[in-house]
2 protein chains.
Amino acid sequence: MEWEDLARELSQQTDTKIVLLVMDGVGGLPADGQSELEAARKPNLDALAKSAVCGLADPVMMGITPGSGPAHLALFGYDPLKYQLGRGILEALGSGVEVGRNDLVARGNFATVRDGLVADRRAGRIPTEENVRICEYLNAHLPQREGVEVRVFPGKEHRFVARFTAEELADALSDADPQKEGKAPLPTTPLRADAAKASGIVNRFLDDVAEVLKGEAKANAALLRGFSKFPSIPTIRELFKLRPAAVANYPMYKGLARLLGMDVVEAGSETADLFDALERSWADHDFFYVHYKKTDSTGEDGKFAAKVAAIEALDPFIPRLLALKPDVLVVTSDHSTPSALKGHSWHPNPFMLISTTAGSDDVAAFTERACAKGMLGRFRSISAMPLMLAHALKLQKYGA
Amino acid sequence: MEWEDLARELSQQTDTKIVLLVMDGVGGLPADGQSELEAARKPNLDALAKSAVCGLADPVMMGITPGSGPAHLALFGYDPLKYQLGRGILEALGSGVEVGRNDLVARGNFATVRDGLVADRRAGRIPTEENVRICEYLNAHLPQREGVEVRVFPGKEHRFVARFTAEELADALSDADPQKEGKAPLPTTPLRADAAKASGIVNRFLDDVAEVLKGEAKANAALLRGFSKFPSIPTIRELFKLRPAAVANYPMYKGLARLLGMDVVEAGSETADLFDALERSWADHDFFYVHYKKTDSTGEDGKFAAKVAAIEALDPFIPRLLALKPDVLVVTSDHSTPSALKGHSWHPNPFMLISTTAGSDDVAAFTERACAKGMLGRFRSISAMPLMLAHALKLQKYGA
């Protein structure tokens, strides 16, 4: 009997409401003695910590740096070592591309090929409008092939998603991308015998694209990577009997949420938009995943001061969140993004849980070092969901 | 290699003695800023905490509220997700019904059947004395069937336990209970092929009961559910080479202990009786499970002050326990029972371990928040047994 079985057996629907506020990448490292969270002025978050039980959560296990996929899966109660999401599927879902059971998707770049070699892997970062035009042209002019439907969907600048629809496609395919400029475009190769059919379809598509776009000055070839199919994964409704809403304004997080069966509440790009959307969706759901991106993107850019500012920019919205009176509120992150490392890291996430069924510990600030002294101790992020459900009285007793 | 295999390989018998004092349900939640343990005056328990290493133990995993069965199994070193005890077996053991390897037991209700339909699933909640009379009558008048012995044991009001003794009985049987009134009584059906024999015996018993009780106004039929056999579980002697004694005065805990092969030392219902029994059994055993019930029952009743009083009532007996000079003493609980929640909960158990091989940390009180800062950190209760054995020098080295 594992957690997933326990969840199916013990979870029950109730009227209580849970908010999981993910400050993406918020955990950091000290510069001049203070981490980003320690340097930030954030009276509302610190007041929350005083009324919370706190701890540190390792997304996958100590020392493992996760991508956004596994880090979020763990927070949502899924074993990130059991369920693996292809990058292509995340990109596709994030771009609003519908993906069904017979679909194979991949992330694409338009590239410039000259004299048989990749001259620019990003086709000079063509403007997004160019990309839209090219994708429309491709969808209209790519030759029809028996038993296969192919569509391309424009992303930002040179990025797009390719979707192949056919019976019996497998996603065990190598990237069709030489990774470096000055090399020849690379066809995909099947990594398992059952991917031979898909490999043939993909490579014919790459040839077709080169033929159809041969008149383009910049975007005259396609590179594809992260081939993936829709994963077989139970929904949050199914596992936990929740009515989940995702409040996010970045495609990937919306895509991830959709994949787990959450209702995605569209939110504009301003921080206030997240809280507008949360309020709008309040009545019809009982689990709210709110995703705040700026703490991660500033960390990725290596900008300590900007990350501090991103933390400070969220802080004034905490009272609006509390005004909704959630029965359980968790503030944490999917993974850490120390600006000193300019990327995701393996450091555990500061974690606080506020609920009338939780009491409080002696932690007085929402920081890495303060949370390390909290009652929740150090635990894996996969325990976040059982904790939230328990404090919302949504889990029945195990055994007699 | 798992803990159970390690235990079999590494455990050794020695003269050292371990006491595990279970203050059932002692963990709680703050009311007016203090939990039950924080509000209680308990100088002896707090003095123990000063000489102990402390921590917080999750019975099954974070967020999971356990029944008494899984919570105790974990404390005794058994994986509570591997070994599951059927409700019928716990009910039987709890009622003091002896259960052997050839026995199949179930929880029963006397019910009223009228015109072929269940008119009252609880036979109008007949008084317990009525129940006793009916069980005696059934045991005397049920027809004898070749190769099977059946006995019924009265519980409170309409409840009873049925015990079937025969070779090759399996417990994969559906409940013989329509669950709703206005429906016909339901026979059991085998859920696996090997339960066909048991199914036949149970259904013949249900027919026999209806025939023998046809003259009764209210209790004229039986409903059965939670069929279970004595579980296949290794004994504490076998796994850990201990000579265990259980000092408890509530049937279920004695039953659970018997199931794990402990010698049950009968104790009266007063707190002093537990310590008399402990002293009496001291010479002949090396592992002592002492069960104190009042902290749980007062918590279940939602009585904060009474639970505080129950903690204070145990405290003066600690010196008697220490006078026995156990080599290892652990004071903890099986699960928490906050009076604010009037039931078992998922909150971790305060845990302290006293031994000359343990040293001490900076924890100065036996409370939830103080133990959270102890050297043992936050861990699963299944680690209690390896810790106790290790500090008693009963575990050999693993590997060279």
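**Exercise 1.** Which strands of chain A does helix α15 (residues 384-391) lie across, and at about what angle does α15 run to β12(A)?

*Solution.* In this predicted model, the sheet of chain A should be laid out before the helix is placed on it. The sheet is open and consists of 8 strands in the order β9-β8-β10-β1-β11-β12-β2-β13, with mixed pairing. At its edges stand β9 (263-266) and β13 (377-380) of chain A, each of which pairs on one side only, and from one strand to the next the twist averages 25°. Helix α15 of chain A lies across β1, β10, β11, β12 and β13 of that chain, and its course makes about 10° with β12(A).

**Exercise 2.** Find the sense in which strands β1 and β10 of chain A pair, and name the bridge partner of L21(A) in β10(A).

*Solution.* Strand β1 (residues 18-23) and strand β10 (residues 287-292) of chain A pair in the parallel sense, over 6 bridges. Within this pairing, L21(A) has V290(A) of β10(A) as its bridge partner. Helix α3 (residues 43-50) of chain A also packs on the sheet, where it touches β1, β2 (53-58), β11 (328-332) and β12 (349-355) of chain A, and its direction makes about 65° with that of β12(A).

**Exercise 3.** Determine what rotation superposes chain A on chain B, and then describe the pairing of β1 and β10 in chain B.

*Solution.* The superposition takes a rotation of 120° with 0.2 Å of shift along its axis, and it leaves an RMSD of 1.7 Å. The two copies are therefore related as by a three-fold rotation axis. In chain B, strands β1 (residues 18-23) and β10 (residues 287-292) run parallel and are joined by 6 bridges; in this chain, I18(B) stands opposite F287(B) of β10(B).

**Exercise 4.** Compare the expected span of helix α6 (residues 128-141) of chain A with the distance between its end C-alpha atoms, and locate its buried side.

*Solution.* With 14 residues at 1.5 Å a residue, α6(A) should span 20 Å, and this agrees with the 20 Å that separate its end C-alpha atoms. Taking buried to mean under 20% relative accessible area, one finds N131(A), I134(A), C135(A) and L138(A) buried in α6(A). Because these residues cover an arc of only 100° around the axis, they lie on the same side of α6(A). Their cover includes β3 (103-114), β5 (149-154), β6 (159-165) and α7 (196-212) of chain A, whereas the face turned away from the buried side carries the exposed residues E129(A), E136(A) and A140(A).

Terms used
Residues numbered from 1 in each chain as written. Chains lettered and ligands numbered in written order. Predicted model: local features only at pLDDT ≥ 70, side-chain atom pairs only at ≥ 80, totals over all residues. Heavy atoms only, no water. Pairing = 2+ DSSP bridges. Helix = DSSP H or I, 4+ residues; strand = E, 2+ residues; numbered from the N terminus. Axes fitted to C-alpha atoms, helices over the stretch in contact; angles between N-to-C directions. Contact = heavy atoms within 4.5 Å. Least-squares fit on C-alpha atoms with pLDDT ≥ 70 in both. Expected span 1.5 Å × (residues − 1). Buried < 20%, exposed > 50% of the residue type's maximum accessible area, 1.4 Å probe, protein only. Arc of directions from axis to C-beta.
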